Amino acid sequence: MKKWWGALLAVVLVLALAACGGKDGAQGDQEKKELVVGASNVPHAEILEKAKPILKEKGVNLKIVTFQDYILPNKALENKEIDANYFQHIPYLEAQMKENGYDFVNAAGIHIEPIGIYSKKYKSLEELPEGATIIMSNSVADHGRILSMLQEKGLIKLKDGIDKTKATVKDIVENPKKLKFKTDVDAGLLPQVYQNNEGDAVVINANYALDAGLDPAKDPIAVESPKNNPYVNIIAVRKGDENRKDIKTLVEVLQSKEIQDFIKKEYKGAVIPATE
């Protein structure tokens with residue numbers, strides 16, 4: 001009798017373990033079948049679409065979820081609605097982690113989008129008159145790069161020793177033209193602000209400029225230099241996921257010569273490969 005009960009218990013245990021293993025295996029297969037990445041429409045989602053068939057050949061089925069703003073992609077990553085996002089540069093990621101307590105990591109840099117200053121009224125920054133209004137986004141992480149451009153052109157001077165990636169309008173110590181800064185506009189609305197001829201100059205991120213049919217390489221009156229540019233657009237993931245095989249494959253494909261060449265050819269200087 002004892003032997004019979006022992007054998008029965010052994011069978012039940014084996015079946016239970018098999019069921020668990022089957023469940024885990026199914027979940028593992030699901031992870032391999034679909035990698036969900038959140039992205040801005042342009043150029044991020046377009047680059048991912050180009051990478052999609054290459055990833056499929058490597059066993060990764062990519063699903064792209066597009067976002068129209070800079071806030072929701074990180075919330076979606078935090079809430080595990082997506083596996084990674086591709087829309088932000090390093091200073092923005094660092095600012096968002098500090099502000100919201102996100103435990104994310106930079107899995108890899110993919111490209112740079114030099115930011116541009118647009119104007120329907122003037123052909124250069126030097127032409128801006130005294131008291132001119134410059135409109136830029138409410139993303140403080142971008143303010144430093146904009147102010148650095150203006151400093152390089154001699155329009156303003158920032159406080160000595162300031163980390164340029166963290167500079168704000170409060171760090172301006174010299175402003176001979178008495179330029180005014182409007183900093184409360186959502187980044188996605190800036191192309192519309194420009195088309196409406198608001199302000200004297202409007203600073204627009206390249207992705208939103210492209211999405212609005214502008215040419216970020218030719219239309220601005222000034223463009224940020226890509227040299228030693230810390231504003232590399234990255235793949236961001238939850239801490240620990242950077243070691244996932246599918247994430248590593250995604251990075252490998254996006255950094256491949258084929259995709260980096262596509263970026264150069266497709267965007268003609270408006271978007272620059274991080275490998276440049």
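A residue is taken as buried when its relative accessible area is under 20%. By that cut-off N233, at 4%, is buried in this predicted model. N233 belongs to strand β12, and its side chain reaches the side chain of H44 in a polar contact of 2.7 Å. Once neighbours within four places in sequence are set aside, the residues in contact with N233 are H44, Y86, F87, Q88, H89, A108, G109, I110, H111 and E113.

The strand that carries N233 is part of an open sheet of six strands, arranged in the order β2-β1-β3-β12-β4-β13 with mixed pairing. At the edges stand β2 and β13 (residues 272–273); each has a single partner strand, so one side of each lacks a neighbour in the sheet. For β13, pairing with β4 is antiparallel and runs over two bridges. Here P273 of β13 has H111 standing opposite, and H111 is also one of the residues in contact with N233.

Turning to the nonpolar interior, the largest core holds 30 residues, and the members that touch the most others are L48 and L254. At least two residues of this core come from each of β1 (35–40), α2 (41–57), β2 (62–67), β3, β4, β12, α8 (245–254) and α9 (257–267). Helix α2 gives the largest share, with six residues. Leaving out residues up to four places away in sequence, L254 touches I47, L48, A51, I110, I235, I259 and Q260. A second core, separate from this one, has 21 residues, among them L128, I172, V203 and I221.

Helix α4, spanning residues 90–100, has P91, Y92, L93 and Q96 as buried residues. These buried positions pack against three strands and two helices: β3 (84–89), β4 (104–112) and β12 (232–238), together with α3 (72–78) and α5 (140–152). After the helix comes G101, which has a positive phi near 75°.

Aromatic side chains add a further set of links. Across the whole structure, seven aromatic pairs are found. One of them joins Y70 and F87 in a tilted arrangement, with the centres 5.9 Å apart and 35° between the planes. Because Y70 sits in the loop between β2 and α3 while F87 is in strand β3, this pair ties together parts that are 17 residues apart in sequence. Both partners are buried: Y70 has a relative accessibility of 11%, and F87 has a relative accessible area of 4%. Y70 and F87 also belong to one aromatic cluster with Y92 and Y208. Through Y92, a buried residue of α4, the cluster includes a member from that helix; through F87, it includes a residue in contact with N233.

Two other aromatic rings have a charged group placed over them. K120 lies over the face of Y194, at 4.6 Å from the ring centre. For Y231, the charged end of R145 sits over the ring, 4.2 Å from the centre.

Strand β12 is thus a useful place to begin when viewing the model. This strand supplies at least two residues of the largest core, lies between β3 and β4 in the sheet order, packs against the buried residues of α4 and carries N233.

How values were computed:
Residues numbered from 1 in each chain as written. Predicted model: local features only at pLDDT ≥ 70, side-chain atom pairs only at ≥ 80, totals over all residues. Heavy atoms only, no water. Buried < 20%, exposed > 50% of the residue type's maximum accessible area, 1.4 Å probe, protein only. Helix = DSSP H or I, 4+ residues; strand = E, 2+ residues; numbered from the N terminus. Contact = heavy atoms within 4.5 Å. Core = buried A, V, L, I, M, F, W, Y, C linked by side-chain atoms within 4.5 Å. Polar contact = N/O pair within 3.5 Å; in protein donor to acceptor, adjacent residues only side chain to side chain. Phe/Tyr/Trp six-rings, centres within 6.5 Å; stacked < 30°, edge-to-face > 60°. Lys NZ or Arg CZ within 6 Å of the ring centre and 35° of its normal. Pairing = 2+ DSSP bridges.
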